[in-house]
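Let's take a friendly walk through this model, stopping at a few residues along the way. Keep the viewer open and follow along.

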Amino acid sequence: MKMLSIIGTIMLFATIHAVDIAPANWEPEGGSKSPAKCSAKTIELDGREAAVLCVNMERRENFWGDVHVNLKDIDAVATPVLSLRFRPSAETKELDLPLPSVRATDKKGARVVGPKSIFKTNEDGWIYVTWDISTVEKLDLPTLLRIGLVWQYGQIPEGKTAEFQVADVKLSAKE
């Protein structure tokens, strides 16, 4: 019986390859008072219909904030590689705003921003992010609480809004 339990555990661990994180589960820091609003939208993406997270923001002077997703029942030790892609709307691209930062937070309160090297701009206009969070010594991976995108809302010009679409957010096992 003990051998079956061990084999079952090994099989379960081996089947965890990736965990998709749905757009509907994201929320802005500060709730309804946040300068950011999150919504889910379906778009054509790579020849398929895909649900994406739309983040709409307005100017807020000297204010940094995030949109984040709480990671419930996700084994970040087994799936420590965060990947996603995002792009600004055509109107937002013209504003020439800085890219958001990507941040991971554990239950102990450690917050780490991913390095610039995790961003790769593709010719299709999407910015791709791949970050192996297990390489960050400051984070306690078994207690990874949330991942987020952080913007400096004060960079948005007065009277303008910004919109970003975020797609294909997942935590995966190392290859």
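The paragraphs below visit two strand residues and then turn to the cysteines. Keep in mind throughout that this is a predicted model.

Start with Asp66, which you will find in strand β5, spanning residues 64-70. Is Asp66 buried or exposed? Its relative accessibility is 2%, so Asp66 counts as buried, the cut-off for that label being under 20%. The Asp66 side chain has a polar partner: it makes a polar contact with the side chain of Arg103, at 2.6 Å. Arg103 also appears among the residues in contact with Asp66 once neighbours within four places in sequence are set aside. The others in that set are Glu27, Pro28, Glu29, Leu149, Val150 and Tyr153.

Next, move to Ile127, which belongs to strand β10 (residues 127-132). Ile127 has a relative accessibility of 6% and therefore counts as buried too. Which residues does Ile127 touch, not counting those up to four places away in sequence? They are Leu84, Arg85, Phe86, Pro88, Leu99, Phe119, Lys120 and Thr121. For a sense of scale, pick Lys33 as well: Ile127 and Lys33 are separated by 94 residues in sequence, and their C-alpha atoms are 28 Å apart.

Finally, look at the cysteines. How many disulfides does a search of the whole structure find? The search returns zero. For Cys38, the nearest cysteine sulfur is that of Cys54, 9.6 Å away, whereas a disulfide needs the two sulfur atoms within 2.5 Å. The surroundings of this pair can be read from accessibility: Cys38 is partly exposed, at 25% relative accessible area, while Cys54 is buried, at 2%.

Key
Residues numbered from 1 in each chain as written. Predicted model: local features only at pLDDT ≥ 70, side-chain atom pairs only at ≥ 80, totals over all residues. Heavy atoms only, no water. Helix = DSSP H or I, 4+ residues; strand = E, 2+ residues; numbered from the N terminus. Buried < 20%, exposed > 50% of the residue type's maximum accessible area, 1.4 Å probe, protein only. Polar contact = N/O pair within 3.5 Å; in protein donor to acceptor, adjacent residues only side chain to side chain. Contact = heavy atoms within 4.5 Å.
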